[in-house]
Amino acid sequence: MKWAYDHELKRRDCVSRKIRDMGRQPGAGVLVVGRRVPHGALPSPIIDSFCLRVVRAMRCRLDGEYGAVHRVCGTYILQFSPGPLETKRMAVRLEQDLWYGFLVDVDVYDGVIPVTRHSLGLPPRSCYVCGLPSKECVVKSRYSRPRTIVKIWISLIGRAILHRVRPNGKMRGENSSES
């Protein structure tokens, strides 16, 4: 358990350093895409594929106004040039629109200053288990890790069924003649 905590601290430190380095460049916004689920809740390759899909979708929405994508400790980081508030709006819409968006965390920085959902007038992210603001539940450790993981799997399976996702991750009708 101690190892996992130390590993997470090192990962966060590594990501923070990269954000600071990229954010220092003039006029740079920084987009960070990472996991929102506890480690071990889903296999890493699945979370990585979801994060990479979000990165690709954000790159399409940024219309070529972005730099290279850097992968730092399982987190994807890239620079962009359009306004950070509009980019955060795009990121929030993307998190809400994708069937797996609730598993991915997309953060936007104006230089090194985070752009929050609050700055856009949006409510905070909700807890997987109860729907209250997730920060409250995390800080107070309201739910056990197994309970959270079960709720994540139930939500993931339910959303996949609702969106009629095939085993290859594509929805029916996507890249085919089916509807």
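Q: What makes the lining of the second largest pocket 5 nonpolar, 3 polar and 5 charged?
A: The split follows residue type: Ala, Val, Leu, Ile, Met, Phe, Trp, Tyr, Cys and Pro are nonpolar, Asp, Glu, Lys and Arg charged, the others, Gly among them, polar. The lining has 13 residues, with Arg-36, Phe-102, Arg-125, Ser-126 and Arg-159 nearest the pocket centre. Helices H3 (84-97) and H5 (145-162) each give two or more residues to this lining. This is a predicted model; local features need pLDDT of at least 70, side-chain atom pairs 80 or more, while totals for chains, interfaces and linings use all residues. Numbering runs from 1 along each chain, and side-chain values use heavy atoms, without hydrogens and water.

Q: Why is H2 called oblique to H3?
A: Helix H2 (residues 44-61) packs on H3 at about 135°, axes 11 Å apart. Under 35 degrees is roughly parallel, over 145 roughly antiparallel, 65 to 115 roughly perpendicular, the rest oblique. The angle therefore makes H2 oblique to H3.

Q: Which residues make the contact of H2 and H3?
A: Val-54, Ala-57, Met-58 and Arg-61 of H2 meet Thr-87, Met-90, Ala-91, Arg-93 and Leu-94 of H3. Contact means heavy atoms within 4.5 Å. By class, 6 are nonpolar, 1 polar and 2 charged.

Definitions and conventions
On a 1 Å grid over the protein atoms alone, a cavity is a set of points where a 1.4 Å probe fits but cannot get out, and a pocket is an open set with protein on both sides within 12 Å along at least five of seven lines; lining residues have an atom within 4 Å of a point. Helices (H or I, at least four residues) and strands (E, at least two) are DSSP runs, numbered from the N terminus. Axes are lines fitted to C-alpha atoms, for helices over the stretch in contact, and angles run from 0 to 180 degrees between N-to-C directions.
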